[in-house]
Amino acid sequence: MNPVPRPAAASLVALCRALGLGGAPEQVLAAVDRVYRRVDAEVRRRTQGLGLPCRPGCDACCHEAVFVAAPEFLFVSAYLVENTTGQQRKAVVEAMSAVAGRFEDELCLLEALPPGTERDEVATRVRFRCPLLSASGQCSVYPARELNARTFGSTVDEHRDAPFGCELTHERLRVLPSSASRGLLGAREARRWLRDEVPGAGDVHVYPWWFSRFGAYLLPERAAEDEGCR
Ligand code: SF4
């Protein structure tokens, strides 16, 4: 997929700046795209023949806290700018902001806590249906979906020495030889590729956090303002 509108929409340039990623969104998007392609290829290679349940159309990972870094949020935003109307984006931003309001305390805690058990425990309380999931259960931004969606259920968590995230994958791996999980890509390694390749990919927050703070850049009124400033 080509997530980069050409020329990049003025609102996307403004968003890129506001996220602290500089004024050239096309460079950031190209770097994210490279990492995603690498991860997808590696996951495909290492899961071949294992019959893991992770596939397009499965939304098992879309009902809980999904963490994304600023460049990943920019990537999804670019896809939305290119593939949806201003009214559709407005609906997404409003739905995400409503979720952010519902979990305000937890999102504040997640912002303050360092990675670790306590933060993980708070994250488990942030459960919601992702507003980017369509009524029919398909991811509406599938080609631009975040890194975790690409690794959830098809990689291992190196720190826990267990499959990353998905209970359905746990069940499948239980009936396979242990060599099957040993051959999987590490989810943390994939995250490291993103951090190494894309500046600004260090801090992660859930989608509602990003949309409630930066979603205004995707709204039709804002886009018109930014066009006027060009
Ligand atoms: S963006 Fe798509 S894959 Fe990610 S949680 Fe939302 S619906 Fe699921």
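Start at the ligand: its shell divides into eight nonpolar, no polar and two charged residues. (Ala, Val, Leu, Ile, Met, Phe, Trp, Tyr, Cys and Pro count as nonpolar; Asp, Glu, Lys and Arg as charged; the others, Gly among them, as polar.) This is a predicted model: local features need pLDDT of at least 70, side-chain atom pairs count only at pLDDT 80 or more, and totals for chains, interfaces and linings use all residues. Residues are numbered from 1 along each chain as its sequence is written.

Select the shell. Cys62, Val66, Cys130, Leu132, Leu133, Cys139, Val141, Arg145, Glu146 and Ala149 surround the ligand, each with its C-beta atom, placed from the backbone, within 6 Å of the ligand.

Next, zoom out. The chain holds twelve helices and four strands (DSSP runs numbered from the N terminus: H or I of at least four residues for helices, E of at least two for strands). Of its 230 residues, 40% count as buried, with 20 or more other C-beta atoms within 10 Å of their own, these atoms being placed from the backbone.

Now select residues 70-83. This is helix α3, with 14 residues. From first C-alpha to last, α3 reaches 20 Å, close to the 20 Å expected at 1.5 Å a residue (1.5 Å times one less than the number of residues). Twelve of the 14 residues are buried, so α3 is largely enclosed by the rest of the structure. Among the buried residues are Phe73, Phe75 and Tyr79.

Finally, show the neighbours. The buried residues of α3 pack against α1 (10-18), α2 (25-47), β1 (67-69), α4 (86-102), α7 (147-151) and α11 (207-214). Contact here puts C-beta atoms, placed from the backbone, within 7 Å.

Terms used: Two residues are in contact if their C-beta atoms, placed from the backbone, lie within 7 Å.
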